[in-house]
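Here are some exercises to work through with the model open in your viewer. Try each task before you read its solution.

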Amino acid sequence: MKKISIIYWSCGGNIEALANEMADGAREQGAEVTVKHVTDATIEDVFEADAVAFGSPAVDSTKIEQQEMKPFLEQLKDLEEQIGGKNCILFATYGWIEDTFMKIWKDEMKSYGFNVIGDLAIKDSPTKMQTNLIKKLGEELVK
């Protein structure tokens with residue numbers, strides 16, 4: 001059974017709802033899934049999982065949440081050997097025209113040693129189609 005960790009930061013609830021949908025998709029594929037708000041997560045949650053997902057709202061067109069999610073992820077910098085090309089999915093919400101933060105985030109996670117196999121940036125609130133897509137991304141984490 002594959003172990004999946006989904007670590008997120010959410011204030012308004014959209015990212016949390018997406019994390020739970022992703023978890024449902026992974027569980028339907030037989031995975032053991034841990035879903036944690038970043039304040040409750042540890043780097044062991046990342047290392048012990050077969051694949052991981054990180055979710056965060058963007059704070060502007062170039063950055064994810066900076067007070068908790070960014071510092072958590074920065075703990076993984078220079079730990080490429082332990083990360084070892086682990087599959088990773090990134091998901092986010094944003095509220096303006098540009099979503100350049102996602103490319104920056106993906107590049108950063110790749111530089112940490114993750115194999116980013118998928119991402120989803122949602123403007124404002126998720127639609128039903130986007131909710132279905134995040135569930136499918138959860139299924140992809142298990143493959």
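Two strands count as paired if DSSP finds at least two bridges between them. Keep in mind that the model is a predicted one.

**Exercise 1. Find the neighbours of strand 1**

Task: Work out which strands pair with strand 1, in which sense, and over how many bridges.

Solution:
- Step 1. Begin with strand 3 (residues 51-60): 5 bridges link strand 3 to strand 1, and the pairing is parallel. That satisfies the minimum of two bridges.
- Step 2. For a fixed point along this pairing, take I6, which faces A53 in strand 3.
- Step 3. Turn to strand 2 (residues 32-37), which is also parallel to strand 1, with 6 bridges. Here I6 has V35 as its bridge partner.
- Step 4. Follow the chain from strand 1 through helix 1 (residues 14-28) to strand 2, and you have traced a right-handed β-α-β unit.
- Step 5. Finally, check burial: 5 of the 6 residues of strand 1 (residues 3-8) are buried, so the rest of the structure largely encloses this strand.

**Exercise 2. Continue across to strand 6**

Task: Starting from strand 3, trace the pairings that lead to strand 5 and on to strand 6.

Solution:
- Step 1. Strand 3 runs parallel to strand 5, and 7 bridges join them. S56 is matched with A92 of strand 5.
- Step 2. Use A92 again as a guide, since A92 also stands opposite A121 in strand 6. Strand 5 and strand 6 (residues 115-123) are parallel too, with 8 bridges.
- Step 3. Helix 5 (residues 100-111) forms a right-handed β-α-β unit with strand 5 and strand 6.
- Step 4. In strand 5 (residues 87-94), 7 of the 8 residues are buried, so this strand is largely enclosed by the rest of the structure.

**Exercise 3. Describe a helix pair**

Task: Describe how helix 1 and helix 6 pack.

Solution:
- Step 1. Two packed helices are described by the angle between their axes and the distance between the axes.
- Step 2. For helix 1 and helix 6 (residues 128-142), the angle is about 45° and the axes are 7 Å apart.
- Step 3. Helix 1 and helix 6 are therefore oblique to each other, and their crossing is right-handed.
- Step 4. Look at the contact residues: those of helix 1 include L18, M22 and A26, while those of helix 6 include I134, L137 and L141.

**Exercise 4. Classify two aromatic residues**

Task: Decide whether H37 and F47 are buried, partly exposed or exposed.

Solution:
- Step 1. H37, found in strand 2, has a relative accessible area of 19%. Buried means under 20%, so H37 is buried.
- Step 2. Beyond four places in sequence, H37 contacts Y8, W9, S10 and E68.
- Step 3. F47 belongs to helix 2 (residues 43-47), and at 25% relative accessible area F47 is partly exposed.
- Step 4. Leaving out residues up to four places away in sequence, F47 touches L76, L79, Q82, I83 and K86. Between F47 and Q82, 35 residues apart in sequence, the C-alpha to C-alpha distance is 6.8 Å.

**Exercise 5. Inspect two backbone angles**

Task: What is the sign of phi at D78 and at D124?

Solution:
- Step 1. Most residues other than glycine have a negative phi.
- Step 2. D78 has a positive phi, near 65°. D78 sits in the loop between helix 3 and helix 4 and is exposed, at 73% relative accessibility.
- Step 3. D124 also has a positive phi, of about 65°. D124 lies in the loop between strand 6 and helix 6 and is partly exposed, at 46%.

How values were computed: Residues numbered from 1 in each chain as written. Predicted model: local features only at pLDDT ≥ 70, side-chain atom pairs only at ≥ 80, totals over all residues. Heavy atoms only, no water. Buried < 20%, exposed > 50% of the residue type's maximum accessible area, 1.4 Å probe, protein only. Helix = DSSP H or I, 4+ residues; strand = E, 2+ residues; numbered from the N terminus. Right-handed = clockwise from strand over helix to strand, strands pointing away. Axes fitted to C-alpha atoms, helices over the stretch in contact; angles between N-to-C directions. Parallel < 35°, antiparallel > 145°, perpendicular 65-115°, else oblique. Left-handed = near helix turned anticlockwise from the far one by under 90°. Contact = heavy atoms within 4.5 Å.
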